[in-house]
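Okay, thanks for squeezing me in, everyone. Let me put the chain up on the screen and then we'll walk through it together.

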Amino acid sequence: MTSQITSHAASAGADANPLSAVVAGCGDTFFLSACIVTAGVALSLLLRKSKQQEEDGTAGEDNPDPAMMIDHYHESAPIRSYANSLGR
């Protein structure tokens, strides 16, 4: 944004209102951000389920495969042992 403000201020000349350069710079930045968001939304609409999820019908399932939880078990082991010491 600052480079756009500087660019607009330089092209406007010394007599121009500096606020118009700020507004133009913010407008350029907003336009670029809107383009990036639009491209991200368009690309997200192209995402598909994996073939295994389509065949199994497990897309969006709340109970994940236990084999996929191996790392989560090891990370939560200290928490689980603490909870067990509290009697929970």
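Let me start with a question: in which helix is V37 found? That would be α2, which runs over residues 18-44. Keep in mind that what you're looking at is a predicted model, so let me do confidence before anything else.

Averaged over the chain, pLDDT comes out at 78, with 57% of the residues at 70 or more. Which element does best, and which does worst? Helix α2 has the highest mean, 95, and α4, residues 70-85, has the lowest, 58. I'll spend my time on α2, then.

Quick overview of the fold. We've got four helices and zero strands, and the order along the sequence is just α-α-α-α. The chain has 88 residues, and 2% of them count as buried. Its accessible surface is about 7700 Å², with 62% of that on carbon and sulfur atoms.

Now α2 itself. How far apart are its end C-alpha atoms? They're 39 Å apart, and since 27 residues at 1.5 Å a residue should also span 39 Å, the two agree. Down at the start of the helix, N17 puts a side-chain oxygen within 3.2 Å of the backbone nitrogen of L19.

Next, what does α2 face? Take A24, which is in this helix. Its C-alpha is 7.0 Å from that of H8, although those two residues are 16 apart along the chain. A24 has a relative accessibility of 25%, so we call it partly exposed. Then there's D28, also placed in α2. Here the C-alpha partner is Q4, at 7.2 Å and 24 residues away along the chain. Is D28 buried or exposed? Somewhere in the middle: its relative accessible area is 30%, so it's partly exposed.

A24 and D28 are a nice pair of numbers to put next to the helix rule. An α-helix has 3.6 residues a turn, so residues three or four places apart point the same way.

And back to V37, where I began. This one is exposed, because its relative accessible area is 53% and the exposed class begins over 50%. Which residues make a nonpolar surface patch with V37? V41 and L45 do, and the patch covers about 310 Å².

That's my tour, so over to you for questions.

Notes
Residues numbered from 1 in each chain as written. Predicted model: local features only at pLDDT ≥ 70, side-chain atom pairs only at ≥ 80, totals over all residues. Heavy atoms only, no water. Patch = residues over 30% accessible without salt bridge, like charges linked within 9 Å, V, L, I, M, F, W, Y side chains within 5 Å. Areas by Shrake-Rupley, 256 points an atom, 1.4 Å probe, with all protein chains shown as cover. Salt bridge = Lys/Arg side-chain N within 4 Å of Asp/Glu carboxyl O. Helix = DSSP H or I, 4+ residues; strand = E, 2+ residues; numbered from the N terminus. Buried < 20%, exposed > 50% of the residue type's maximum accessible area, 1.4 Å probe, protein only. Expected span 1.5 Å × (residues − 1). Polar contact = N/O pair within 3.5 Å; in protein donor to acceptor, adjacent residues only side chain to side chain. pLDDT = per-residue confidence, 0-100.
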